[in-house]
Amino acid sequence: MNFWNKIDTLDRRWVYLLVAISVILPFILPVKLPVYITPETQQLYDAVESLPDSSIVMLTFDYYPSTIAETEPMSRVALHHLFRKNIRIVTVTTVPLGGPSMAEQVTREMAEQYGKVYGVDFVNLGYKANYVAVLKGMGSSIEAIYPTDNLSTPLSELPLMNEVKNYDDIDFIYVVADNGIVDYWISIVNALYGTPVGCGVTAVMAPKFYAFVSAGQMTGLLGGMKGAAEYELLLGQPARATTGMDAQSLMHLLIIGLVLMGNIGYFAGRRQKGKKA
Amino acid sequence: MSGMEIFVLWLEAFITLAIFSFLYKDNPVYHMVESVFAGLSAGYYIGLYWKSIILQQLWEPMTRADNPKWWLFIPGIFGLMMFTRLWPKYSWISRIALAFVMGSTAGVFLITQLHGLVLPQMQKTMLPLVNSKGLEASFLAVIVVIGVISTLIYFYFSKEHKGFLGVTAKVGIWFIMISFGAHFGYTVMGRVSLLIGRVQFLIEDWIGSF
């Protein structure tokens, strides 16, 4: 049995071991490979940067805990940027499992860093079921959809919400999502109400939305952990996404190597069988 | 770090490692953690839907003293009608509620999909092939137009793909394959990111806390 035959019948657990080494090694011996800024990330950054002081942004936490490796760094960079620019934030989520609590935890943690006050500088509206009705309903009245915030405080008792009645009072919508809800932020909110929408989505979803960016329906796009890392660099605050980029690059090299080896092994085996026949 | 925080950190690390243990071999610890996750999710959803739908969106607005929305009893009854599916003899009643859901959903989606997705995307495909932004923009516009037309022709099944139609459909396949490749590459990147996230937690948060 030659080398290529062995590769063809290799126990998959050796591949898992190689994957584990490729992911763990860069955390022990960081290489700090360069990360380049894509035009879509730059566009989203510029859109937020151009918002005037005290603008109001709706930030969504439309993701499940299973994707926080990609999405939470996006929420953090968004909050950094918005709080740093003194922009007021209304957070919502259309995802029941984890969304409301993650919004609460991450937003309050970041607000504390910037000395922001709940109810004045930011509000967490939490979760409401039936996202299509929620997205459409907020176009008429946010209070009709969310009579109270995530902690059951009536919106009339929150000074920020006295200024925010519907999408007309929101300057920008910053969607961070891991599911098909992004389509509805575009097709309902952007298309019907004209509010600009910028998105951070998981890498699996990203290719679909490039068409929306080039069509002008979406103002900028962050694709997966790489997108979050780019935004961290633009902010000058490298964090978890940036440190994960070494492992990401090494893993991609390993996968390319494995795909090449697998194909060479397959064709070598086929050639050998042909010779025997 | 408080005692509770340390406990949660160790529990999280144990659950992560228990799930990863499946990569070596199927084992009872993996199955236990999997079952705990399924049970917790089911319990969480029941509690959440009870609070956010039955109580907050139906019962409280219907029964409040100030401006009660009494008409909410109609969707409430529609909701109850769905449960008739449990009794085959009366399951036809649930179709009335389903018809309402399907009709209203179709109406909403028809407008939003057409107005929000189909028309704007079509409009942005109608590009000037000679672009004032320069040679690169013109080249990209030509690629977009060829890609859209050839892919649409690939999905045109009313005439056999022969001659000019066949060649164009083949070009369409190439565009589709390139698109699949991009999607697959991004999917791999996404899955790798999730693994990195867990490893980052184990190394930086869990081991880092020792």
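Biologist: Into which domains is chain A divided?
Modeller: This is a predicted model, in which local features need pLDDT of at least 70, side-chain atom pairs count only at pLDDT 80 or more, and totals for chains, interfaces and linings use all residues. Residues are numbered from 1 along each chain as its sequence is written, and chains are lettered from A and ligands numbered from 1 in the order in which they are written. By an automatic or database domain assignment, chain A comprises domain 1 (3-30 + 245-276) and domain 2 (39-238).

Biologist: Which element gives the most to the side of chain B that touches chain A?
Modeller: Contact requires C-beta atoms, placed from the backbone, within 7 Å; 34 residues of chain B are thus in contact with 39 residues of chain A. Elements giving two or more residues to this side of chain B are α2 (28-63), α4 (92-125) and α6 (163-206), where helices are DSSP runs (H or I, at least four residues) and strands are runs of E (at least two), numbered from the N terminus. The most, 16 residues, comes from α6(B).

Biologist: Which residues on the other side of α5(A) are exposed?
Modeller: Gly99(A), Pro100(A), Met102(A), Ala103(A), Val106(A), Thr107(A) and Met110(A) of α5(A) are buried, that is, 20 or more other C-beta atoms lie within 10 Å of their own, against 12 or fewer for exposed residues and numbers in between for partly exposed ones, with C-beta atoms placed from the backbone. These buried residues lie on the same side of α5(A) because they cover an arc (of directions from the helix axis to the C-beta atoms) of only 155°. Exposed on the other side are Glu109(A) and Glu112(A).

Notes: Contact = placed C-beta atoms within 7 Å.
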